[in-house]
Structure formats: structure tokens, C-alpha cells
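Good morning, colleagues. Please look at the sequence and the structure on the screen, and I will take you through them.

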Amino acid sequence: MAMNTPRDLFLHELADTLSAEHIIAKMIPPIAGKVKDEELRDAMRAHAKETKQHIKNLEACFKALSEQPEQMVCHGAEGLQKEVDAFLEEQPAAEILTLFAAGAAGKTEQYEIESYTGLIDMAKLLGEKEVVKLLQENLKQEQAMSKTVEAVEKRLGKELITSMREAEAAAANAG
Ligand SMILES: [Fe+2]
Ligand SMILES: [Fe+2]
């Protein structure tokens, strides 16, 4: 498509984010199924549902703009998926995989937060109020998920290191 105006760029970024959400919707359920922490697993499953709504909201944005999304692949989200795939190939221990999943979810949310923040700024400048509202709904859920997974990651890291030290101390005492 033509790429000459800020609106062209906005539509491009909107389509890119729609592609990202499709990739993320597929990425969350399999890794959530491997996660050993209940809070993280529940948060990921709830966010998978929210992600389906993010897709609907983005489709509603295109409708409000009377535009069709350009067919494209978000290489950023594709990269996040590849990071997960590559890590799983390392055959991590279950609790390490869980800690990794929290971090990967955090990175994904940061990517989405930055995407939506930029889109909202541009939609405001373009005077697209309905679009701003829809994008803000998505952004709020990304921010909430980001906070949740960040807290889980800290807790899990602490728990793992504590139990590792306890095991080391027990082994030293036994020896
Ligand atoms: Fe999302
Ligand atoms: Fe998200």
C-alpha cells in the first residue's frame, strides 16, 4: 500500500499490531499448559481470552476507519515466539521453564504496551476518538498483565533461589 502520510503509517502499525495479537493468541496457550505456577498459569489463560478481545477491538478500529487491514506478519511478535521455541528446545526443568515463561510474558507485554502507546498517540493526533477508546481498552489490559507477570517473576525467582540454597545447605550438613 501507499506509505506517504502519517495515516498510512498508522494503518500499517495497526495492521502490524493485529498480526502481533494473532501470533500472541497462538503463543500463550501451549506455554501456559507447561507452566507449574498456578497464579501465572491462571493469569496467562485469562490473558489469552483478553487477547481474543484485543483482536476484535483492532478489527473494530479498521471498521471505524472504513479500512481493511493490510495482510502482514509482525516480525517483532514472530521473534518473541521464536525465543520461546528456542528455549523449549533446551529442555528446561519445569520450574525453570515457569520462570522463563514469566519473563517471556513480561517482554511480550512490554512490546504490546509500546505498540498501543504509539498507536493511541497517533490516533489522538488524527482525531479518531472511537479508535482511541478501543486501543485504550487493549492497553489497560496489557499494562495490568505486565504488572502481574512482573510480580510473579520476582516471586518465582526468590522462591527458586531460596529452595536452591536450602538444598545446598542441607547437602553441606549431610556431608
Ligand atoms: Fe494484546
Ligand atoms: Fe498482552
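Helix α3 is followed by Q91, a residue whose phi is positive, near 50°. I should say at once that this is a predicted model. Q91 sits in the loop between α3 and α4, and its phi of about 50° is positive although Q91 is not a glycine. As a general point, most residues other than glycine have a negative phi. Is Q91 buried or exposed? Q91 counts as exposed, because it has 7 C-beta neighbours inside 10 Å, and the limit for that class is 12 or fewer.

A second case occurs earlier in the chain. Helix α2 is followed by S66, again with a positive phi, here near 55°. S66 is not a glycine either, and its place is in the loop between α2 and α3. With 6 other C-beta atoms within 10 Å, S66 is exposed.

Let me now turn to the overall architecture. The protein has five helices and zero strands, and read along the sequence it follows the pattern α-α-α-α-α. Taken along the principal axes, the C-alpha atoms fill a box of roughly 70 × 25 × 25 Å. Of the 175 residues, 31% count as buried. Among contacts with a separation of 6 or more, 77% come from residues 24 or more positions apart.

Next, the helix that precedes Q91. Helix α3 has 15 residues, and from its first C-alpha to its last it reaches 21 Å, close to the 21 Å expected at 1.5 Å a residue. How do the axes of α3 and α4 cross? They come within 11 Å and cross at roughly 175°. That angle makes α3 roughly antiparallel to α4, since angles over 145 degrees fall in that class. On the α3 side, the contact is made by G76, L80, E83, V84 and F87, and on the α4 side by F100, A104, K107, T108 and Y111. By character, the residues of this contact divide into six nonpolar, two polar and two charged.

We come now to α2, the helix that precedes S66. Its 27 residues should span 39 Å at 1.5 Å a residue, and its end C-alpha atoms are 39 Å apart, so the two values agree. Which residues of α2 are buried? They are L40, A43, M44, H47, T51, H54, L58 and C61. What covers these buried residues includes α1, α4 and α5.

Two of those buried residues, L40 and L58, lead us to the nonpolar cores. The largest nonpolar core has 23 residues, and within it L40, A101 and A102 touch the most other members. At least two residues of this core are supplied by each of α1, α2 (38–64), α3 (75–89), α4 (94–125) and α5 (129–174). Apart from this core lies another, of 13 residues, which includes L18, L58, Y116 and A123. Returning to L40, and leaving aside its neighbours within four places in sequence, we find contacts with V35, T98, A101, A102 and V152.

I would like to close with two positions in α1. F10 lies in this helix. Why does F10 count as buried? It is buried because 22 other C-beta atoms lie within 10 Å, and the class begins at 20. Leaving aside its neighbours within four places in sequence, F10 is in contact with M122 and L126. The C-alpha atoms of F10 and A123 are separated by 7.7 Å, with the two residues 113 apart along the chain.

The other position is G33, also placed in α1, which covers residues 6–34. G33 is exposed, with 10 other C-beta atoms within 10 Å. Its C-alpha atom and that of A102 are separated by 13 Å, and the two residues are 69 apart along the chain. A102, as I mentioned, is one of the residues that touch the most other members of the largest nonpolar core.

To summarise, this predicted model shows five helices and zero strands, with α3 roughly antiparallel to α4. It holds a nonpolar core of 23 residues and, apart from it, another of 13. Thank you for your attention.

Key:
Residues are numbered from 1 along each chain as its sequence is written. Chains are lettered from A and ligands numbered from 1 in the order in which they are written. This is a predicted model: local features need pLDDT of at least 70, side-chain atom pairs count only at pLDDT 80 or more; totals for chains, interfaces and linings use all residues. Helices (H or I, at least four residues) and strands (E, at least two) are DSSP runs, numbered from the N terminus. A nonpolar core is a set of buried Ala, Val, Leu, Ile, Met, Phe, Trp, Tyr and Cys residues joined through C-beta atoms within 7 Å. Two residues are in contact if their C-beta atoms, placed from the backbone, lie within 7 Å. The expected span of a helix is 1.5 Å times one less than its number of residues. Axes are lines fitted to C-alpha atoms, for helices over the stretch in contact, and angles run from 0 to 180 degrees between N-to-C directions. Angles under 35 degrees count as roughly parallel, over 145 as roughly antiparallel, 65 to 115 as roughly perpendicular and the rest as oblique. Ala, Val, Leu, Ile, Met, Phe, Trp, Tyr, Cys and Pro count as nonpolar, Asp, Glu, Lys and Arg as charged, and the others, Gly among them, as polar.
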